[in-house]
Amino acid sequence: MMLDGAYRRTLLAVADAPLVRGFVTRVGWRLGVARFVAGESLDEALPNLRALVGSGKGIVLDVLGEFVRDESAARQAAGRIGAALEAAAAFGLEPYFSAKPTQLGLGVDPDLAFELATGLAEAAARHGGHLCLDMESSGYVDATLMLFERLWAAGLHDVSTVLQSYLYRTPEDLERLLALSPVPAVRIVKGAYNEPRDVAHQDKADVDRAYRALVYRALEGNGKVNVATHDERILDEVGAFVRGAGLESDRYEFQLLYGVKPRLQDRLSREGHPLRVYVPFGEDWYGYFSRRLAERPANLAFVLRGIAG
Ligand code: FDA
């Protein structure tokens with residue numbers, strides 16, 4: 001278990017090195033990026049999206065991008081997401097989007113992020129879609145929750161956010177969300193960033209234990225719980241629980257990442273669970289790709305085989 005954590009932290013640290021970033025970005029697609037990223041544009045991703053929808057699964061669309069340093073970059077990022085949202089709706093796809101708050105300028109000015117997120121949430125709502133604010137590294141949790149609460153207070157209720165079970169603070173953050181009226185949907189994940197031991201569990205068993213506790217606590221509330229993991233044991237346990245409790249698709253949904261455990265995705269969907277696949281696309285895939293490699297040593301081996309030819 002500790003080895004898992006050490007591998008993850010080392011890979012995320014190495015991925016931050018400019019030399020590594022330069023090399024990986026240059027040889028890009030050959031490294032197997034396409035296994036996790038559906039295309040460099042919505043047009044390229046379209047056949048993959050249609051195949052998912054055709055097999056009865058829902059989608060979460062993510063126009064890849066991370067932290068931006070200034071207002072103009074934030075406006076450009078929001079413009080790209082807005083254009084993809086309109087295009088998705090025109091293609092007949094449900095415009096359910098996820099966005100990183102720092103992509104919308106949260107690290108520059110919270111008012112700017114609020115303005116841009118409001119525009120996207122309104123556009124999503126117009127087309128019967130949804131906007132989820134992804135959760136990033138621990139330094140942004142307070143600001144992300146505040147941004148989410150501002151949107152909620154403004155009456156934008158086709159929005160949701162994410163909580164990470166590796167953070168010690170998360171049980172309190174969940175109570176804060178459960179106290180809102182109406183209770184919002186929340187996506188619960190284990191957490192993908194390199195966090196120090198003073199803020200986050202380092203041992204996988206502790207992260208898993210915290211994950212279960214959060215999901216069951218959230219299911220006691222009235223909101224929708226988006227159970228986002230590839231942990232088959234947890235998914236089967238929660239699946240049995242929701243069946244026993246008679247919970248319908250307005251109360252829970254399973255969410256998995258594009259390219260990760262596709263057979264498990266098919267099985268859960270066949271069993272009749274509401275399931276949504278998170279599909280990233282776009283040119284700015286480096287940060288997303290390195291987090292997927294950090295989650296599983298076998299993914300790195302797959303990439304290294306690609307480099308060796
Ligand atoms: P765990 O790591 O225990 O893995 C369970 C099983 O799945 C293992 O067998 C493992 O090998 C396999 N597996 C996991 N990841 C894999 C991968 N990349 N490739 C192949 N196999 C893999 N994080 C975050 O911090 N903020 C966010 O907003 C989000 N959003 C988000 C949305 C959705 C839909 C998902 C599924 C996940 C996220 N995450 C996230 C990522 C999340 O925090 C976590 O890093 C990954 O889901 C991996 O952890 P698991 O829950 O799958 O469990």
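A polar contact is a pair of N or O atoms within 3.5 Å. In the predicted model, E295 meets this criterion with the ligand: a polar atom of the E295 side chain lies 2.6 Å from a ligand oxygen atom. Two further side chains are placed in a similar way. For K190, an N or O atom of the side chain is 2.7 Å from an oxygen atom of the ligand. For R296, the corresponding distance between a side-chain N or O atom and a ligand oxygen atom is 3.3 Å. The ligand taken alone exposes 930 Å², and the protein buries 88% of that area.

The shell around the ligand comprises 26 residues, the closest being G191, K204, T229, H230 and E295. Among the elements that each supply at least two residues of this shell are strands β4 and β5. Strand β7 (252–257) and helix α11 (286–295) also each supply at least two. The largest contribution comes from β7, with three residues.

The strands named above belong to a barrel. Eight strands close into this barrel in the order β1-β2-β3-β4-β5-β6-β7-β8, and their pairing is parallel. On average, neighbouring strands of the sheet are turned by 30° against each other, with direction ignored. Within the barrel, strand β4 (residues 159–164) pairs with strand β5 (residues 186–189) in the parallel sense over four bridges. In this pair, Q164 of the one strand stands opposite V189 in β5.

Helices pack on the sheet. Helix α5 (residues 110–126) touches β3 (130–133) and β4, and the direction of α5 makes about 145° with that of β3. Helix α7 (residues 170–178) likewise packs on the sheet, where α7 touches β4 and β5. The direction of α7 makes about 160° with that of β4. Strand β4 is thus touched by α5 and by α7, and β4 also supplies at least two residues of the ligand shell.

A further site was examined in helix α3 (residues 42–54), which contains L52. The relative accessibility of L52 is 11%, so this residue counts as buried, the cut-off being under 20%. Not counting residues up to four places away in sequence, L52 touches K57, I59, Y258, V277 and V279. L52 and E220 are 168 residues apart in sequence, and their C-alpha atoms are 30 Å apart in space.

Note on methods: Residues are numbered from 1 along each chain as its sequence is written. This is a predicted model: local features need pLDDT of at least 70, side-chain atom pairs count only at pLDDT 80 or more; totals for chains, interfaces and linings use all residues. Side-chain values use heavy atoms; hydrogens and water are left out. Two strands pair if DSSP finds at least two bridges between them. Axes are lines fitted to C-alpha atoms, for helices over the stretch in contact, and angles run from 0 to 180 degrees between N-to-C directions. Contact means heavy atoms within 4.5 Å. Buried means under 20% relative accessible area, exposed over 50%, partly exposed in between (1.4 Å probe, protein chains only). A residue is near a molecule or strand if one of its heavy atoms lies within 4 Å of it. A polar contact is a pair of N or O atoms within 3.5 Å; within protein, one must be able to donate a hydrogen and the other to accept it, and residues adjacent in sequence count only if both atoms are side-chain atoms. Accessible areas come from the Shrake-Rupley method with a 1.4 Å probe; for residues, only the protein chains shown count as cover.
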